[in-house]
Structure formats: structure tokens, C-alpha cells
Amino acid sequence: MNFALLEQKSPTATWGEVRSQQKQNQKKSRIYSVAKRKKSVPSNFMIWESLKTLMSLSVKVIFIAICTYWVYAGFQFLTRSPYFMVSEIHFSGNQKLLEEQLLEAAGPLAGENIFLLDLRAVSGNLAAHPWISSVSVKREFPKRILIDLEERVPFARIQLDKIYVMDNFGVLVSKDDTDYRDLPLITGPSQNSHDLGENAGTEGIIKGLKTMHYFNQLPFFKDHPIYTLKVGGESRIAFLTLNGGAKVFMTPETVTESFKKLRIVLDTLESHAGDIDYIDLSFKNQVVLKHKHRKQPYQGT
């Protein structure tokens with residue numbers, strides 16, 4: 001039937017339709033060819049991208065492996081090489097303590113790796129020594145350790161379960177020795193057992209030591225310095241001169257006031273200083289003074 005219709009049309013119209021049909025067929029052919037190429041491109045592209053990703057990942061893994069190896073090798077070199085083993089230990093600030101004593105207190109140092117050495121542990125070991133007040137430990141590469149310390153200063157002796165030497169903060173630094181017999185003696189505290197490095201200084205003892213120091217600066221005690229401090233509980237302290245010629249009594253709570261009153265009394269009795277048996281400053285607004293040749297003490301305000 002289509003053929004019959006074509007016969008009725010003019011040759012020009014017929015030829016136009018044929019050309020139009022051919023163009024449409026060519027267009028469809030091109031569209032099909034492009035679509036076919038588009039279908040084949042993604043497949044090749046994805047393969048190439050996968051290869052690129054795999055290569056990039058492989059490079060990163062190799063790089064990380066190399067870096068890890070060199071870090072490990074570097075760590076092994078720094079921590080095991082003899083070049084970084086401690087062979088020099090320098091102490092400064094020690095006067096009483098010998099280097100052998102300090103090395104024993106510090107713990108293992110020589111031959112230790114300078115990077116792995118625990119400076120806090122070394123510092124803590126030394127700070128625990130009764131004679132050491134403060135300590136600083138530093139590294140000096142490649143193999144030197146610097147230790148700067150401050151020793152405690154013996155200030156007085158104290159009678160506890162035995163006689164100890166203490167610093168001005170009350171820390172027990174040593175047992176009594178002939179080298180410290182010139183230090184003032186504190187008596188009267190608890191007789192319980194104590195350890196070196198322990199702080200045995202009560203508030204009354206510390207105040208008494210400071211007061212003793214101030215008293216000994218006065219001209220009255222120049223030839224007869226206070227040598228013994230007797231602590232009678234927390235309410236009364238007695239100071240005795242070296243030759244036992246005079247005694248001073250006071251309370252820890254009134255140290256400043258007592259010192260002022262003592263200076264006034266000594267200024268008025270300077271010419272009769274050798275005749276004084278004791279001075280009692282433990283009373284408020286009153287001074288009790290006893291002369292050796294008098295039976296009754298003198299009370300003054």
C-alpha cells in the first residue's frame with residue numbers, strides 16, 4: 001500500500017522523502033556509533049584510574065616503610081650507641097658530701113644511655129638525702145651529666161632519743177659528732193625515735209632557734225653566748241648561756257615583745273651583767289629579774 005501511495009506522488013516529492021529517510025538513517029547510525037564509543041570509554045577510564053590509585057598507594061606504603069625503618073634505625077643508634085653512654089658526671093655545690101656519697105645516692109649513672117636516663121628519678125634520689133636541700137640535674141650531650149645541689153647548713157643540735165644535728169628548718173641531717181659540739185643544744189622535746197631527713201622542728205623550736213640567734217647578737221651575750229635551748233612544752237622556753245651564768249625565760253607567742261623588753265633590761269643593767277642569775281620575760285607587761293646574790297627576784301614593768 002505504501003508503494004501505491006508513492007506512485008501517486010511527483011518524482012520530486014518522492015526523491016525528497018527518500019533523502020530525508022537516508023539522513024535520518026545516517027543520523028541514527030552516528031548516534032549509535034557515539035553511544036557505543038561512550039559505553040566503551042568508562043570501562044577503560046576506570047581501569048586506568050584503578051591502576052593510578054594502586055600505584056599511588058604502593059608508593060605511599062613504600063615511603064612509610066622506609067621512614068619507619070630509618071626512625072627505628074635512628075632510635076637504635078641513639079639509645080644503643082656507646083657515643084651516648086654517660087661517662088662524665090660533674091657535681092657542684094657540695095661541700096660536706098663527697099662525690100662517692102653523691103654517686104651512691106643518685107643511683108646508676110655511668111654507662112647509662114643519656115637519652116633514656118630518668119633525670120627526675122636521679123633528682124628524687126638525691127633530694128631524699130638528709131644533707132641535700134635542693135638539686136638540679138641536666139644533660140650535656142653527648143655523654144655528660146651536670147648535677148648542681150645545695151646542702152643544708154648545720155644550725156643546732158637537738159636531744160631526742162639521741163643527739164642529732166639539725167638545720168635552721170628543723171631537718172635532722174646527721175647524728176651528733178665532735179665537729180658540731182660548738183652548735184647550740186636543744187633539749188626537752190619528745191624522746192621518740194627519729195630518722196635522718198625527718199623534720200623535728202616544732203613551731204616552738206624554730207622560734208626558739210631564731211630568738212637565740214638574735215639574742216647572741218646583743219653585747220650582753222658576746223662573751224657568754226646562749227648555748228642551750230630548753231623547750232618546756234609550747235608555753236615556755238629557757239635559754240642558757242654557755243657557762244651557765246645566766247638564763248632567759250620567755251614564751252613562743254611573745255617573741256618580738258620579749259626581745260624588745262630584754263634589750264631595755266640589758267641596757268639598764270649592762271654594768272651588772274655578770275651578776276644576773278635569770279631574766280624571765282614570759283609575763284605580760286612585766287620582767288622578772290633575779291640577781292645571783294639576792295634571794296628574791298626583782299619584778300619590774
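# Briefing: a buried serine, a three-stranded sheet and aromatic pairs

Ser258 has a relative accessible area of 0% and is therefore buried. This residue belongs to helix H6, which covers residues 255–268. The model described here is a predicted one. Beyond Ser258, the points below cover an open sheet of 3 strands and the aromatic pairs, of which the structure holds 9.

**Surroundings of Ser258**

- Leaving aside residues up to four places away in sequence, Ser258 touches Met250 and Leu281.
- Ser258 counts as buried because its relative accessible area, 0%, falls under 20%.

**The open sheet**

- The strand order in this sheet is E1-E3-E2, and the pairing is mixed.
- Strand E1 (88–92) and strand E2 (132–140) stand at the edges; each has a single partner strand, so one side of each lacks a neighbour in the sheet.
- On average, neighbouring strands of the sheet are turned by 15 degrees against each other, with direction ignored.
- Strands of a sheet pair through backbone hydrogen bonds, in either a parallel or an antiparallel way.
- The pairing of E2 with strand E3 (residues 144–151) is antiparallel and runs over 8 bridges.
- Ser134 has Glu150, in E3, as its bridge partner.

**Helices lying across the sheet**

- Helix H3, made of residues 99–106, lies across E1, E2 and E3. Its direction is at about 115 degrees to E1.
- Helix H4, made of residues 119–127, lies across E2 and E3. The angle between H4 and E2 is about 155 degrees.

**Aromatic pairs**

- A pair of aromatic rings is described by the distance of the centres and the angle of the planes.
- Among the 9 aromatic pairs is the one formed by Trp131 and Tyr180, which is tilted, with 6.5 Å centre to centre and 35 degrees between the planes.
- Trp131 sits in the loop between H4 and E2, and Tyr180 in the loop between strand E6 (172–175) and strand E7 (185–187), so their pair ties together parts 49 residues apart in sequence.
- Both partners are buried: Trp131 has 8% relative accessibility, and Tyr180 has a relative accessible area of 9%.
- Phe215 and Phe221 form a stacked pair, because their ring centres are 6.1 Å apart and their planes are at 10 degrees.
- Phe215 counts as buried at 0% relative accessibility, as does Phe221 at 1%.

**Aromatic cluster**

- One aromatic cluster is formed by Tyr83, Phe84, Phe115 and Phe141.

How values were computed:
Residues are numbered from 1 along each chain as its sequence is written. This is a predicted model: local features need pLDDT of at least 70, side-chain atom pairs count only at pLDDT 80 or more; totals for chains, interfaces and linings use all residues. Side-chain values use heavy atoms; hydrogens and water are left out. Two strands pair if DSSP finds at least two bridges between them. Helices (H or I, at least four residues) and strands (E, at least two) are DSSP runs, numbered from the N terminus. Axes are lines fitted to C-alpha atoms, for helices over the stretch in contact, and angles run from 0 to 180 degrees between N-to-C directions. Contact means heavy atoms within 4.5 Å. Buried means under 20% relative accessible area, exposed over 50%, partly exposed in between (1.4 Å probe, protein chains only). Rings of Phe, Tyr and Trp (its six-membered ring) pair if their centres lie within 6.5 Å; planes under 30 degrees apart count as stacked, over 60 as edge-to-face and the rest as tilted.
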